[in-house]
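Visitor: Could you take me through one part of this model up close? I'd like the place where the protein meets its partner strand, one step at a time.

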Amino acid sequence: MTIDKNFEPASIEKKWYDHWENNNAFRPERPDAQPYTIVNPPPNVTGSLHIGHALDNTLQDIMIRYERLRGKDALWVVGTDHAGIATQMVVERQMEAAGDKRSNYNREEFIDKVWEWKEESGGTITRQLRRLGCSMDWSREQFTMDPHFTKAVTKVFVDLYNKKNADGRGMIYRDKRLVNWDPKLKTAISDLEVETREINGNFWRFKYPLAADENGDTVTFDGPDGAGQNYIEVATTRPETMLADMAVAVHPDDTRYADVVGKYVELPITGRRVPIVADEHADPELGSGAVKITPGHDFNDFDVGKRIGIEAKDMLNMFDGDGNVCQTSDSLIPKEYVGLHRFKLEKENGTKIQARELVVRALKELGLLIPHISKNKKGEEVVSDAEPRIIQTPYGDRGGVVIEPWLTDQWYVDAQTLAKPAIDAVKNGDIEIVPKTWEKTYFNWMENIQPWCVSRQLWWGHRVPAWYGPTKIGEFDFTEHLKSQGYRENQLPVFVATTFKEARIKAAEVYGLEESDIFQAPEMEGQFVSQGTARIPLWHDEDVLDTWFSSALWPFATLGWPEDTTVRAESVEVRAGKSNDPSTSSGRTASLLHKHYPNDLLISGFDILFFWDARMAMQGIEFMGEGGKKPIEESRPWKTLYLHGLVRAADGQKMSKSKGNVVDPLGLIDEYGADALRFFMAAMESQGRDIKMDDERVKGYRNFATKLWNAARFAQSNGIGASQSLSAPTATLAANRWIIGEIQETLTALDKALADLRFDAAANTIYHFTWDLFCDWYLELIKPIIQGEDNDDTSETRQVAGWVLDQILVMLHPFMPFITEELWHAMASSEGRKSARNYDIILAKWPVPKAKIDNDAKAEIDWIIAFTSAMRSAKNELGIAPGAKLDCIFPDALQARVGTLQSTLERVARIASSSFGDAPDGASMQLVVDGQTIIVPLEGVIDIEAEKARLTKAYEAVSKEAKSLEGRLSNENFVARAKPEAVEKAKSDLAEKSAEAERLKIALERLG
RNA sequence: GGGCGUAUAGCUCAGCGGUAGAGCACUACAUUGACAUUGUAGGGGUCGCAAGUUCAAUCCUUGCUACGCCCA
């Protein structure tokens, strides 16, 4: 197959991808091979490929292809995430666009709609990953809502519920406490899903009148505003929440308020009588030093409330799920407030009055608003209701509205207990985080981890495996019976189990009834009426689990857990790469899970370190370690966690749809080819830095691919074909011996770079070798040989060149899979030769360094390069045409070397003739190469002054270096204290530079 | 407020205790020869600022400044 004149990526990419996939090349049967495993961060099932995926997946594919070439059983697990909130939002938005809405459907109907949408758009991103060339194991494609995955999720939930932590509490428990409530999505979200934004807000100051004492007598105190003060001043950024205030707090050490602690205020508007308490939360420096306490709608106030003895269940709640005012349990909120929205939301232009406005207006009318007085530019006093302030405000990262702290019952994971071994794993080096700087961030978060709220009030996701039973139903009251079973008054019995059947067994025990007396109810309690017998309805928890709760199980649930728990003796050996057991070579008898867990490497963006990576570490160690029974070497999800940065727009901005600066990786693939985009990602990926998008650079790597294409085309047209052997052919010619040595060095550097996960260094290494050494020097050096008459040299050179080109293709394959596969096959079937290989490069063998570096050859070729460069440079500076062929007079010492290189030097350095001996008189150009002077007579042609200037410049540069070295060596301290190697190096450098300077000086003198 | 990162050529970035490199851009020259998606040569940097450690600092330490990110 002759290589086409033009390299067109689009014409080869699809061909080879389909070929690989159809031939099972991504996961060939290698039962005896050492495993290598990466799990792919599952993209949202309905998502599409963005530039960050391109980076993330390129890096993973490089490692997978590399390890596959190295002969390992490389498994790259792929799949998609159901992405609860994101997917449900997409479907709801589509419904809205069609004039429909979720509430028009029941739960099952809606979920069916989501599945329909998943079927419709679920293939997008997986098709796009294929276009990037990712060699994942599609035969085992996973989805986080696959039945086996649901089993894993359920088991994890149930097991954690049943497992007690050090305090005797379940590792998963239900609790009533404040959660981050998203009033738009109407669900609780975790701390991580809340982002703090700075917004322009206000700081209001109010007077709260002191309440009369038990005797009805007026209370006053000597406060900050003077003697006999009958109110206490509070300040707030959220005045509307005063409708649910339950206390006013002052700092215990704040003497200004010492007298009033223990007294009461009578809240305006509601008339609620609430205590003034001492609590360290109050900051004496902030506002008046007194702070209103709303335990039901502020996280700090919740803690204060608990400290002063208010139980969560007694805390007042004044908002419904939409963030509208609702009546508190003490019914003290005036009617006109009920139903109002809490405050004006951005993008909401309603003219209806909001609770916040109405509260401020009411307090102002009551004369309880303390106005803010400021000065304008002219120095005049301006009176306003409140002081403008920048306020840190929590927003939901998905819904985009202000989070309302809300008191609800939710399921929590005891993350603190789970975090401990995961922290130790990193501390002890059992999990290595690369780059290391992220370890601190990891520790900082893990050591301060809060209970993880995992329940979501959504429909799309894994249903919480919990069922509730009644405390009474009709005339049947189980309250006393349940108390005897250890339940608190009014506490609904909850049965956590993997199935309803199991829940029913537990319920039967608790209620003391037969299983048949218990039935699954579709609705909540209260909808049921007595049927004359004590038949007990159990209803399923309505909530689903946080998406990240399930994706945390990705490294093992995708490999068959919990079903596949068999540990076979051979699997351990297989993992160590030592197995010779024939039973394993006849098929994959070793358990997939035990062969591929722990994974070797996880590559993810640092932005999901907490969301995903840390949680995988926690769940992996817990469940694969079987609760501490197994050593960390077996329980950790991966040995190495590599975190890469963000891909930013060219101007350094974060890419976002709203900014309109999103770069589509598929557009780049269309324009420059997948190989070029991949190479760009690798070359730019240095550890610990974001990548700025640069189309020009992608273009540059497309050019690199073209360069390689043309080099192969040149090779092919000169009778160079595929290599006939894995090891380097025998070589006698210097150029061949040299390039074989350079391959070894390149390979060593490349292996090291990949071992260190230095993708940039790896890419640059192979780039440099291919372009600068192979194309620019080697091919030029061998042209006279392969284009001359056929002889032993010609055939040796063709052998070596073919072998070197193959090494390039294999080493480049992980980075540029498509072009390398194309050229691999094209080279194998050069005209007139039989194909030497009937296999694909994707399954080729990675080169193993074997040949020794030939120092003589290296010295010789380095000299040619130095001489040729000096010649070209001198010509350029003297205005001599680059193509001009010149005569050279070499010193006698070079006779042997130049003699054998005659034809090469003629061609490469453009020498007309060479002779040896002393310099003749007359004008000449003089080259100092490697301490020897070469004379190029140019009588009548040369501009003496230009040559003088050139030599002078060179002389000065070398002298300066020599002088600096001399200075250092004459420093006694240096000679005495510096490392001996440094002194030796300085000495030899000085000798070299001095010699060179001396030569140049002589050359200058010769010119007169 | 706490933590982390970054600052090196016009741009994007490597790097290193012994006075600096790449790609792109720029300048000059070349052009039927694998390749203009090219070749050759060249210009360009007091390595953010200040102090300290050291025989020696762009590199290590400290402080400062600027920018970015994370957490509260």
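Guide: Let's start with Lys 707: an N or O atom in its side chain sits 2.8 Å from a base oxygen of RNA strand B. That is a polar contact, meaning a pair of N or O atoms within 3.5 Å; within protein, one must be able to donate a hydrogen and the other to accept it, and residues adjacent in sequence count only if both atoms are side-chain atoms. Arg 702 also has a side-chain N or O atom by a base oxygen of RNA strand B, this time at 3.4 Å. Arg 758 goes for the backbone instead, with a polar side-chain atom 2.9 Å from a phosphate oxygen of RNA strand B.

A word on where this comes from: it's a predicted model, where local features need pLDDT of at least 70 and side-chain atom pairs count only at pLDDT 80 or more, while totals for chains, interfaces and linings use all residues. Residues are numbered from 1 along each chain as its sequence is written, chains are lettered from A and ligands numbered from 1 in the order in which they are written, and side-chain values use heavy atoms, with hydrogens and water left out.

Now step back a little. There are 37 residues around RNA strand B, and Ser 686, Arg 689, Thr 706, Trp 771 and Arg 977 come nearest; "near" means that a heavy atom of the residue lies within 4 Å. Of the atoms of RNA strand B that come within 4 Å of the protein, 68% belong to sugar and phosphate. Sorted by class, the surface near the strand has 17 charged, 11 polar and nine nonpolar residues. Here Ala, Val, Leu, Ile, Met, Phe, Trp, Tyr, Cys and Pro count as nonpolar, Asp, Glu, Lys and Arg as charged, and the others, Gly among them, as polar.

Which helices help build that surface? H22 (695-717), H24 (759-786), H27 (855-878), H29 (944-970) and H30 (972-977) each supply at least two residues, and H22 gives the most, with nine. Helices here are DSSP runs (H or I, at least four residues), numbered from the N terminus.

Two of these helices also meet each other. Ala 874, Glu 877 and Leu 878 in H27 touch Ala 946, Glu 947, Arg 950 and Lys 953 in H29, where contact means heavy atoms within 4.5 Å. By class, that makes three nonpolar, no polar and four charged residues.
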